[in-house]
Amino acid sequence: MDRSPTWTPPVLACLLTALAATGCGGGSGGDQQAQTPSRPTATATGRPPAHTPGFPQAPDGTDVRACHDGSCEILVTKRTRIPLDSRFGFRTFSFDPADSTWRYTYPDGGSGHVKWLEPPYSGSWAGPTAKQQLVMTVVASEKSRAVISLHPGK
């Protein structure tokens, strides 16, 4: 007498769905490589590719000068000083992708920093002598790179 299980179509569909959701390795102790997210690979120059799937491209590239008028979207890969028009009330202004922090100094010498901890990673800020606010957004962040967006507020 044959004692092999009989699989009805609904049972088989559920089993295949469960296997697809958990992967062949199952829970803990499974194939770690299959659960590790892919990382950008180095090119022949030793630098990561400029664009990886799922990471947005910055329309202004890495050109911080595009931000002078307070309207830009750039890629930063290290702490980057961003030259801004004086109407925003900052003497210096920078962003560091390593810790997602905006840093600034005021014309009178005071300084500070801003970091949004919850998505959408956006807010507005202005220096004490500002004629206009600046809206700052972290569009995407991954390890030591980020796409940031600036635009004048109201």
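In strand 3, Phe-95 is the bridge partner of Thr-80, where strands are DSSP runs of E with at least two residues, numbered from the N terminus. The model is predicted, so that local features need pLDDT of at least 70 and side-chain atom pairs count only at pLDDT 80 or more, while totals for chains, interfaces and linings use all residues. Residues are numbered from 1 along each chain as its sequence is written, and side-chain values use heavy atoms, with hydrogens and water left out.

Strands 2 and 3 run antiparallel and are joined by 2 bridges, and two strands pair if DSSP finds at least two bridges between them. An open sheet of 4 strands has the order 2-3-4-5, with antiparallel pairing. Strand 2 (80-81) and strand 5 (111-114) each have a single partner strand and stand at the edges, so one side of each lacks a neighbour in the sheet.

The largest nonpolar core (buried Ala, Val, Leu, Ile, Met, Phe, Trp, Tyr and Cys residues joined through side-chain atoms within 4.5 Å; buried means under 20% relative accessible area, exposed over 50%, partly exposed in between, with a 1.4 Å probe and protein chains only) has 21 residues, and Phe-93, Trp-102 and Leu-150 have the most contacts inside it. At least two residues of this core come from each of strand 1 (72-76), strand 3 (92-96), strand 4 (101-105), strand 7 (134-142) and strand 8 (145-152). A second, separate core of 5 residues includes Phe-55, Ala-58, Leu-75 and Val-147.

Lys-143, in the loop between strand 7 and strand 8, has a positive phi of about 55° although it is not a glycine, and at 61% relative accessibility Lys-143 counts as exposed.
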